[in-house]
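Biologist: I would like to learn how to read strands, cores and single residues in a model such as this one. Could we go through them in turn, with the general idea ahead of each case?

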Amino acid sequence: KHVDQPSFVCYAESADGIHWKKPTLGLHPFRDSTDNNIVLPGWSQTSVVFDPHDADPERRYKALLRYNGLRGFTSPDGLHWKDVGVLIDQGYDGTTLHWNPIGKQWVAMVKIFKDGKRARGYATSKDFLNWTDTYFMSAVDQQDAADDEMYAMSMFHYESVFIGLLRMYHTLSDVVDIQLATSRNGRHWERPSREPFIPTGAEKGDWDFGNNSVPATPPIRVGDELWFYYAGRSTLHNEIPNDGAIGLATLRLDGFVSMDAADQGTLTTKPLRLAGNQLCLNADASAGSIRVELLNGDKIVSSMPIGGDAVRHIVEWDTTQLVPDGEIRLRFHLDRAKLYAFWME
């Protein structure tokens, strides 16, 4: 919009997620030629998702685009698209489309305004075509800086929680970075940290210096890593030209947050009912160790010490005595270690 040029949705593909090519598709003319990779002309602020559950193969891909409101598109292959009309009247940018696998419904994370600041709302749909009104979801609070605003947020379901990747706009510095949020239902959110999860570049001129954004789709698991594709810009939010590029950030599996002990410390869970017979940890104890205790009333069963850095440590116990069924607690003794996750198999 800054250079009086229309925007387009374009297509690229990769065999490994690292090296990408932009094929000539020949679908839409641009500057008197179809020698390009355009799949949707003249639209902006796009969310594209793959939907393997739709019984209609013509609707396997779905898109929500900002054009005279939030407009829906469907496609059998991600290349040839059908316009299904305006789905949500609001036309702000920073709106994304997501599938809620627990509620079995589509969710649009919609930009709204609260107290004069950018905030987050949501609308839902069972069939992608008919949507509810937009309801308030979240806004900045007293733990945020006075100039902060919620520009956009993408969400995905991970294990037992929803994780949100929040674009936080710091209006005084004109920087947009990515912060972390969590939810049990996809509507009410907690923000355990106000630090950047995907930080911007350190120096002006870095390709992701001033304004980061993430797609509507979840990260991709590759081996023991999570791959986050994100867009960055070498300029600040309001600077012109607003040039951008796409990059990749990687994270260890389950590595969103960890409970750390620089020296020694303990962490005791609330009462749990554990299904399975093998306790596993995702932890880095390469500089020390971790020991686990099962607490059941007066009964305590201790594990052997765990060392090393791995996304899947198998906990071995120092006794063969079984712990009775019912609620138990876990107590982790951390010595110069980081605990990312635990689960039963």
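Modeller: Let us begin with pairing: two strands count as paired if DSSP finds at least two bridges between them. Strands of a sheet pair through backbone hydrogen bonds, either parallel or antiparallel. Please keep in mind throughout that this is a predicted model.

Biologist: Over how many bridges do β7 and strand β8 pair, and in which sense?

Modeller: The two strands, β7 and β8 (residues 105-114), pair over five bridges in the antiparallel sense, and within this pairing Leu97 stands opposite Ala108 of β8. The hairpin that β7 and β8 form has four residues between the strands, and Lys104 there takes a positive phi near 55°. As for its surroundings, β7 (residues 96-100) is mostly covered, with four of its five residues buried.

Biologist: What is the strand order in the open sheet of three strands?

Modeller: The order is β15-β16-β17, and the pairing is antiparallel. An edge strand is one that pairs on one side only, as is the case for β15 (220-222) and for β17 (244-252). From one strand to the next, the twist averages 40°. Strand β16 (residues 225-233) is joined to β17 by nine bridges, and Ala231 has Ile246 as its bridge partner in β17.

Biologist: Turning to the interior, which residues have the most contacts inside the largest nonpolar core?

Modeller: A core of this kind is built from buried residues joined through side-chain atoms within 4.5 Å. The largest one here has 18 residues, and those with the most contacts inside it are Leu281, Ile290, Val292, Leu330, Phe332 and Leu334. Two elements, β19 (279-296) and β22 (329-344), give two or more residues each, and the largest share, seven residues, comes from β19. Apart from this core lies another, of 17 residues, which includes Leu165, Leu180, Phe228 and Leu251.

Biologist: Which residues does Leu334 touch, if those up to four places away in sequence are not counted?

Modeller: Leu334 touches Met259, Ala261, Asp263, Gln264, Gly265, Ser289, Ile290 and Leu339.

Biologist: Is Ser154 buried or exposed?

Modeller: Ser154, which lies in strand β11 (residues 148-158), is classed as buried because its relative accessible area is 5%, and the cut-off for that class is under 20%. A polar atom of the Ser154 side chain lies 3.0 Å from the backbone oxygen of Pro215. Leaving aside neighbours within four places in sequence, the contacts of Ser154 include Thr96, His98, Ile163 and Val214.

Biologist: And why is Arg273 classed as exposed?

Modeller: Arg273 is classed as exposed because its relative accessible area is 64%, and that class begins over 50%. This residue lies in the loop between β18 (259-268) and β19. Leaving aside neighbours within four places in sequence, Arg273 is in contact with Gly326 and Glu327. Its C-alpha atom is separated by 48 Å from that of Gly244, the two residues being 29 residues apart along the chain.

Biologist: How many disulfides does a search of the whole structure find?

Modeller: The search finds zero disulfides. As for individual cysteines, Cys280 is buried, with a relative accessible area of 0%, whereas Cys10 is partly exposed, with a relative accessible area of 43%.

Conventions: Residues numbered from 1 in each chain as written. Predicted model: local features only at pLDDT ≥ 70, side-chain atom pairs only at ≥ 80, totals over all residues. Heavy atoms only, no water. Buried < 20%, exposed > 50% of the residue type's maximum accessible area, 1.4 Å probe, protein only. Contact = heavy atoms within 4.5 Å. Axes fitted to C-alpha atoms, helices over the stretch in contact; angles between N-to-C directions. Disulfide = S-S within 2.5 Å. Polar contact = N/O pair within 3.5 Å; in protein donor to acceptor, adjacent residues only side chain to side chain.
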